[in-house]
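Colleague: I have a few questions about how you label things in this model. Could you take me through the reasoning?

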Amino acid sequence: MKHWLIEDVAWDRFDAARVDPGIVALVKAAAMVERNGEDYARYLNGVFADDPDFRAAADRWAVEEVQHGEALGRWAMLADPSWDFADSFARYREGFRIDTGATQSLRGSRAGELVARCMVETGTSSYYTALADATAEPVLRQLCQLIAADEFRHFKLFYDHMRRYLGRERIGLPRRLAIALGRIGESEDDELAYAFHCGNEAAELEYDHQRCLALYMSGAIRCYRFRHIERATGMIFKAVGLRPRGVLSDVAARLAWRLLQARQRRLARRVPAAA
Ligand SMILES: [Fe+2]
Ligand SMILES: [Fe+2]
């Protein structure tokens, strides 16, 4: 059962004057990654083949992710009527596929897989909250708030299943932390950068990972405020088994914020050349 439907969004409140083209480019990329959610459900169904409860939950989860993609794609077509979501998504599917036939988690264990899923949901929940706060366009703001609420629920879903698996697969703090940091680092892989390319660049222009990463990440990081990073840090701490609130998480949040700002400055320096 979905928590909201695309028709629940107040599309008639769309205000073209409040559209920021930089944010439109980010939304186009996000729409494609979200729309691709079914492949992740296929992968999770393979990894959790003998766990019907989890498989059913993963299938329901993917329906929500696909809806995120459809809704974001619809908004991006309102903001840029020349953009064709179906066309861009077809290009994305052509060039980016995950291994949907796997029977073992890439992370070495099911509990590890669920730690990685918690990181993805930490990333998406904080990102849509940041986008909702960054945009002045009322429809996008409402949409991002609805999506962020789903992403927080998804975190809880994977976290609860992770707790269950940790009872059988005893992976300790160092391993969970390594998986968590590894998955966060993967945000710089092709998935998002290539989505940015397919959503925003002409098909004739050859894909360049560094160019697209710089364009996507520098724009995305600009939307964040410290409070978003603070909350995300608490969620990361919770997923790896540390206290989500306390001196350590405060220090980590401040450090993460500084690293993110430095990363943004480095990426932004590459952008004029990239664009
Ligand atoms: Fe999503
Ligand atoms: Fe999600």
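**The two iron sites**

Modeller: Gladly! Reading along the sequence, the donor residues of the iron ion (ligand 1) follow the spacing E-x30-E-x2-H-x82-E. Please keep in mind that this is a predicted model.

Colleague: What makes these residues donors of the iron ion (ligand 1)?

Modeller: Distance decides: a donor is an N, O or S atom within 2.8 Å of the metal. Glu34 (OE), Glu34 (OE), Glu65 (OE), His68 (ND1) and Glu151 (OE) coordinate the iron ion (ligand 1) at 1.9 to 2.6 Å, so they count as donors. The chain comes together from distant parts here: histidine 68 sits in helix α3 (residues 52-79) and glutamate 151 in helix α6, with their positions 83 residues apart.

Colleague: Why is histidine 68 called buried or exposed?

Modeller: Buried requires under 20% relative accessible area. Histidine 68 has 0%, so it is buried.

Colleague: Which residues hold the iron ion (ligand 2)?

Modeller: Its protein donors are Glu65 (OE), Glu121 (OE), Glu151 (OE) and His154 (ND1), at 1.9 to 2.2 Å. Their spacing in sequence is E-x55-E-x29-E-x2-H. Glutamate 151 and histidine 154 share helix α6 (residues 138-166), where they are three residues apart, about one turn of the helix.

Colleague: What makes the arrangement around the iron ion (ligand 2) irregular?

Modeller: For four donors to be tetrahedral, all angles must lie between 85 and 135 degrees. Around the iron ion (ligand 2) the four donor atoms subtend angles of 92 to 137 degrees. The upper value falls outside that range, and square planar would need opposite donors over 155 degrees apart, so the arrangement is irregular. A caution: water is not among the atoms, so sites may look incomplete.

Colleague: How do you know that glutamate 65 is a bridge?

Modeller: Glutamate 65 coordinates both iron ions, ligand 1 and ligand 2, which are 3.7 Å apart.

Colleague: Are glutamate 151 and histidine 154 buried or exposed?

Modeller: The same cut-off of under 20% applies. Glutamate 151 has 0% relative accessibility, so it counts as buried; histidine 154, at 3%, also counts as buried.

**A surface patch**

Colleague: Why is leucine 173 called partly exposed?

Modeller: Partly exposed covers the range between 20% and 50%. Leucine 173, in helix α7 (residues 173-185), has a relative accessible area of 36%, so the label fits. Together with Leu177, Leu181 and Ile184, Leu173 forms a nonpolar surface patch of about 310 Å² of accessible area.

Definitions and conventions. Residues are numbered from 1 along each chain as its sequence is written. Chains are lettered from A and ligands numbered from 1 in the order in which they are written. This is a predicted model: local features need pLDDT of at least 70, side-chain atom pairs count only at pLDDT 80 or more; totals for chains, interfaces and linings use all residues. Side-chain values use heavy atoms; hydrogens and water are left out. Patches are made of residues with over 30% relative accessible area and no salt bridge: like charges are joined within 9 Å, nonpolar side chains (Val, Leu, Ile, Met, Phe, Trp, Tyr) within 5 Å. Accessible areas come from the Shrake-Rupley method with a 1.4 Å probe; for residues, only the protein chains shown count as cover. A salt bridge is a side-chain nitrogen of Lys or Arg within 4 Å of a carboxyl oxygen of Asp or Glu. Helices (H or I, at least four residues) and strands (E, at least two) are DSSP runs, numbered from the N terminus. Buried means under 20% relative accessible area, exposed over 50%, partly exposed in between (1.4 Å probe, protein chains only). Donors are N, O and S atoms within 2.8 Å of the metal (3.2 Å for Na, K and Ca); water is not among the atoms, so sites may look incomplete. Four donors count as tetrahedral if all angles lie between 85 and 135 degrees; four count as square planar and six as octahedral if opposite donors are over 155 degrees apart and all others between 65 and 115; anything else is irregular.
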